[in-house]
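Got the viewer open and a selection box ready? Let's walk through this one stop at a time.

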Amino acid sequence: MHVAMIGLGEAGTLYAKGLLGLGWTVAGFDPAPVTTPEGVERKTTAQEVVENAEVVLCLVGGRAAVPAATSVAGYLGERTLFIDMNSAAPEIKTTVAAVVGEARYADVAVTGSVPEHGAATPVVISGAASAPAAEVFAALGAPVEDIGGLPGDAARRKLLRSSFMKGLGALIVETLDAGEAMGARDWALEQLVAEHAGGAAGVERLYAGTLKHAERRGHEAEEAAAMLDELGVRSVMSHAAAASHLLAAVGTAADRAELAEAYAHIPVANIGDARDRMGMTDAGIRALWTGAKAVGWARTVWVPPGDNKLLHAALEKVQPGDFLTVNGQGHTDRALLGELMAEKARKRGAVGIVADGALRDVRDLEEMGFPAWARAVNPAGPYKNGPGQIDVPVAIGGVVVAPGDLIVADDDGVIVVPAAEARQTLPRALAIQEDEANRRRALLEGSIA
């Protein structure tokens with residue numbers, strides 16, 4: 001049997017090992033500079049890899065599924081079996097089947113840990129070619145559930161499972177991280193192990209895997225939550241699991257700093273376009289000095305009108321990269337911050353402040369280089385009675401800001417990017433920025449009217 005593999009990452013390597021163990025020949029293709037699995041004949045083009053192949057296994061990311069199928073569709077043999085193992089939404093599976101031809105197509109959903117079980121990981125299979133695909137996986141020693149049906153049906157089963165598994169992974173991360181912070185991680189692990197059939201190794205695998213594959217799993221959890229919504233089923237944990245995974249994808253403090261630096265070179269207007277014009281504060285929130293620009297992670301504060309007692313308390317919690325985000329309830333008769341508080345915030349690492357209220361000492365803020373956005377400027381000092389709250393969701397200029405959301409602000413205004421969506425928004429914003437630069441260059445050169 002001659003098998004072609006599209007995608008030679010971790011899963012591809014393990015499936016290649018299983019196929020080679022059966023005595024089958026395996027050719028592989030991957031445009032990324034990944035290591036070629038031992039025994040696999042690496043091909044340089046998609047066309048070459050499927051030549052004379054009896055079976056094609058496609059193991060690419062969900063976003064690359066349709067392009068990958070399109071690249072080989074015209075070169076498949078009349079009887080070639082196309083096994084779609086991509087982790088993608090059911091709608092994408094349907095599209096891939098149409099691209100390669102439904103008669104040859106099998107939708108294969110992996111329902112276990114490939115690093116743990118290798119090519120013998122359990123699978124669910126649907127689509128017109130589910131029966132011959134089931135024979136392939138049975139030969140590999142995998143438990144197979146052939147449900148027939150349509151392309152995407154197996155993917156739906158996997159998403160149903162994901163609504164539990166991704167939530168479990170997210171909860172394990174939160175619990176063990178909380179245990180670490182309390183100095184009780186071992187105790188927390190013992191409690192989880194007592195309730196988890198996989199034992200310590202299984203819990204630790206879920207923990208490490210959730211962090212390692214946070215972005216991919218976050219998108220999968222989003223799809224699972226969307227499916228539950230369509231079914232009219234309560235999906236609180238599924239949505240929470242998706243957000244938790246995508247927040248984990250933001251990564252370490254160094255990763256967050258790198259991400260903020262990337263946004264620092266993109267205008268707020270371009271980011272707004274990338275987010276369908278959503279998330280920008282109203283025009284009443286404006287820069288207090290020309291040329292102000294800041295990017296950071298929201299340290300949220302909610303204060304009564306004209307009172308900054310809790311803002312003082314928040315300054316003690318500021319970490320490098322924080323962007324003070326203050327809901328002053330739109331009150332503009334008293335300033336919530338001036339030069340002295342700004343200096344303290346700056347020394348603690350705050351990158352700036354945005355306040356739905358008033359600030360003061362504008363010239364001093366500019367001279368010290370502390371970026372500030374507010375609804376008004378007022379020289380009157382604040383009350384210091386309280387109450388107030390720190391690190392809670394707040395409203396700024398008509399936009400809800402959660403603690404840790406990404407704030408980007410410049411002369412045009414302020415935009416809030418939910419932390420869980422910061423990574424996926426970045427390439428779209430960069431693409432819009434580049435497109436505008438190219439169009440402006442063409443206008444200057446006179447190549448377009």
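**A tour, starting at a proline**

Select Pro 387 to begin: you'll find this proline in the loop that links strand S13 (372-377) to strand S14 (389-390). Now check the peptide bond leading into Pro 387 from Gly 386, which is cis, with omega near -5°. Keep in mind throughout that you are looking at a predicted model.

**Zoom out**

Show the whole protein chain as a cartoon and you'll have 17 helices and 18 strands on screen. The C-alpha trace spans about 80 × 70 × 40 Å along its principal axes. Colour by burial next: 48% of the 449 residues count as buried. Switch on the surface and you're looking at about 20,700 Å² of exposed area, with 54% of it supplied by carbon and sulfur atoms. As for contacts, take those between residues at least 6 apart in sequence: 66% of them join residues at least 24 apart.

**Into the core**

Nonpolar side chains tend to be buried together in soluble globular proteins. Which residues should you pick here? In the largest nonpolar core, which has 43 residues, the ones touching the most other members are Leu 311, Val 326, Leu 337, Ile 353, Leu 359, Phe 370 and Trp 373. Centre on Leu 311 and, sequence neighbours within four places aside, its contacts are Val 301, Val 303, Leu 324, Val 326, Leu 336, Leu 337 and Met 341. There is also a second, separate core of 29 residues, and Val 55, Met 85, Ala 119 and Ile 125 are among its members.

Back to one of the contacts of Leu 311: select Leu 336. Is Leu 336 buried or exposed? With a relative accessible area of 3%, Leu 336 is buried, even though its place is in a loop, the one between strand S11 (322-335) and helix H15 (339-347). Skip residues up to four places away in sequence, and Leu 336 touches Val 303, Gly 306, Asp 307, Asn 308, Leu 311, Val 326, Gly 328, Met 341, Ala 358 and Leu 359. Draw a distance from Leu 336 to Asn 378 too: C-alpha to C-alpha it is 9.2 Å, for residues 42 apart in sequence.

**Over to a strand**

Next, pick Arg 299 in strand S10 (residues 294-302). What does 13% relative accessibility make Arg 299, buried or exposed? It falls under the 20% cut-off, so Arg 299 counts as buried. Leaving out neighbours within four places in sequence, show what Arg 299 is in contact with: Lys 317, Val 318, Gln 319, Asp 322, Phe 323, Leu 324, Thr 325 and Asp 391. For a longer line across the model, join the C-alpha atoms of Arg 299 and Arg 234, which are 65 residues apart along the chain and separated by 31 Å.

**Helix H7 and its partners**

Select helix H7 (residues 153-182) together with helix H9 (residues 199-212): their axes come within 9 Å and cross at roughly 95°. That angle makes H7 roughly perpendicular to H9. Show side chains where they meet: Met 165, Leu 168, Gly 169, Ile 172, Val 173, Leu 176 and Asp 177 from H7, against Val 203, Glu 204, Leu 206, Tyr 207, Thr 210 and Leu 211 from H9. Colour this contact by type and you get nine nonpolar, two polar and two charged residues.

Now swap H9 for helix H10 (residues 214-230), which packs with H7 at an angle of about 110°, the axes being 8 Å apart. H7 is roughly perpendicular to H10 as well. On the H7 side, light up Arg 156, Lys 158, Leu 159, Leu 160, Ser 162, Ser 163 and Lys 166; on the H10 side, Arg 217, Glu 220, Ala 221, Glu 223, Ala 224, Met 227 and Leu 228. By type, the H7 contact with H10 divides into six nonpolar, two polar and six charged residues.

**Last stops: three loops**

Go to Asp 276, in the loop between helix H13 (268-274) and strand S9 (286-287). Its phi is near 60°, a positive value in a residue other than glycine, and at 60% relative accessible area Asp 276 is exposed.

Asp 361 also has phi near 60°. Look for Asp 361 in the loop between strand S12 (352-359) and helix H16 (362-368), where it is partly exposed at 26%.

Finish at Gly 23, in the loop between helix H1 (10-21) and strand S2 (25-29). Gly 23 counts as exposed, at 60% relative accessibility.

Notes. Residues are numbered from 1 along each chain as its sequence is written. Side-chain values use heavy atoms; hydrogens and water are left out. Axes are lines fitted to C-alpha atoms, for helices over the stretch in contact, and angles run from 0 to 180 degrees between N-to-C directions. Helices (H or I, at least four residues) and strands (E, at least two) are DSSP runs, numbered from the N terminus. Angles under 35 degrees count as roughly parallel, over 145 as roughly antiparallel, 65 to 115 as roughly perpendicular and the rest as oblique. Contact means heavy atoms within 4.5 Å. Ala, Val, Leu, Ile, Met, Phe, Trp, Tyr, Cys and Pro count as nonpolar, Asp, Glu, Lys and Arg as charged, and the others, Gly among them, as polar. Buried means under 20% relative accessible area, exposed over 50%, partly exposed in between (1.4 Å probe, protein chains only). Accessible areas come from the Shrake-Rupley method with a 1.4 Å probe; for residues, only the protein chains shown count as cover. A nonpolar core is a set of buried Ala, Val, Leu, Ile, Met, Phe, Trp, Tyr and Cys residues joined through side-chain atoms within 4.5 Å.
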